[in-house]
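The following exercises ask the reader to study one protein chain step by step. Please examine the sequence and the structure before reading each solution.

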Amino acid sequence: MTSTHPLTHGRPALCAVTLIDRRTGRPHRVNGAALVALSRDPHGAAAELLAGRDARLWDARIQPLPASAR
């Protein structure tokens, strides 16, 4: 799991958590749209996205959203 997790004014920044297919290195898509969760608990969201999935095939990318740093 890739992560940067800054604090913003005493609380975690809003992050985008994307499910990544390790075979392609690309986001998993559902009906053409990348599967992305928004969360202030990105590690918890990543754990939920990865639950029941083969860790050899799937990863989660965590990216803080710039707008949440204001």
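**Exercise 1: A strand covered on two faces**

Both faces of strand S3 are covered, with Cys15, Val17, Leu19 and Asp21 buried on one side and Ala16, Thr18 and Ile20 buried on the other. The model examined here is predicted.

Task: Determine how many of the residues of S3 are buried, and which strands pair with S3.

Solution.

Step 1. Buried means under 20% relative accessible area. In S3, 7 of the 7 residues are buried, so the strand is largely enclosed by the rest of the structure.

Step 2. Strand S8 runs antiparallel to S3, and 7 bridges join the two. Within this pairing, Leu19 stands opposite Ala60.

Step 3. S7 also pairs with S3 in the antiparallel sense, over 4 bridges. Here Thr18 has Val36 as its bridge partner.

Step 4. Strand S4 (residues 26–27) pairs with S3 over 2 bridges, again in the antiparallel sense. Asp21 stands opposite Arg26 in S4. The two strands form a hairpin with 4 residues between them, and Gly25 in the turn has a positive phi of about 75 degrees.

**Exercise 2: The nonpolar core**

Task: State which residues make up the largest nonpolar core and which elements give two or more residues to it.

Solution.

Step 1. The largest nonpolar core has 9 residues in all: Cys15, Val17, Leu19, Ala45, Ala46, Leu49, Trp58, Ala60 and Ile62.

Step 2. Two or more of these residues come from each of strand S3 (15–21), helix H1 (42–50) and S8.

Step 3. Consider Leu19, a member of this core. Not counting residues up to four places away in sequence, Leu19 touches several residues, including Leu35, Leu49, Leu50 and Trp58.

**Exercise 3: Three residues compared**

Task: Classify Ser39, Gln63 and Asn31 as buried, partly exposed or exposed, and describe the setting of each residue.

Solution.

Step 1. Ser39 lies in strand S7 (residues 36–39). Its relative accessibility is 14%, so Ser39 counts as buried. The side chain of Ser39 reaches the backbone nitrogen of Asp41 at 2.8 Å. Beyond its neighbours within four places in sequence, Ser39 is in contact with Ala13, Leu14, Cys15 and Ala45.

Step 2. Gln63 belongs to strand S8 (residues 58–64). Because its relative accessible area is 40%, Gln63 is partly exposed. Gln63 and Ala16 are 47 residues apart in sequence, whereas their C-alpha atoms are 5.2 Å apart in space. Leaving aside neighbours within four places in sequence, Gln63 is in contact with Cys15 and Ala16.

Step 3. Asn31 is placed in the loop between strand S5 (29–30) and strand S6 (33–34). At 83% relative accessibility, Asn31 counts as exposed. The phi of Asn31 is near 50 degrees, a positive value in a residue other than glycine.

**Exercise 4: The chain as a whole**

Task: State how many helices and strands the protein chain has, and what percentage of its residues count as buried.

Solution.

Step 1. The protein chain has 1 helix and 8 strands. From the N terminus on, the elements run β-β-β-β-β-β-β-α-β.

Step 2. Of the 70 residues of the protein chain, 27% count as buried. The chain exposes about 4,600 Å², and carbon and sulfur atoms supply 53% of this area.

Step 3. Among contacts with a separation of 6 or more, 68% are accounted for by residues 24 or more positions apart.

Conventions: Residues are numbered from 1 along each chain as its sequence is written. This is a predicted model: local features need pLDDT of at least 70, side-chain atom pairs count only at pLDDT 80 or more; totals for chains, interfaces and linings use all residues. Side-chain values use heavy atoms; hydrogens and water are left out. Buried means under 20% relative accessible area, exposed over 50%, partly exposed in between (1.4 Å probe, protein chains only). A polar contact is a pair of N or O atoms within 3.5 Å; within protein, one must be able to donate a hydrogen and the other to accept it, and residues adjacent in sequence count only if both atoms are side-chain atoms. Contact means heavy atoms within 4.5 Å. Accessible areas come from the Shrake-Rupley method with a 1.4 Å probe; for residues, only the protein chains shown count as cover. A nonpolar core is a set of buried Ala, Val, Leu, Ile, Met, Phe, Trp, Tyr and Cys residues joined through side-chain atoms within 4.5 Å. Two strands pair if DSSP finds at least two bridges between them.
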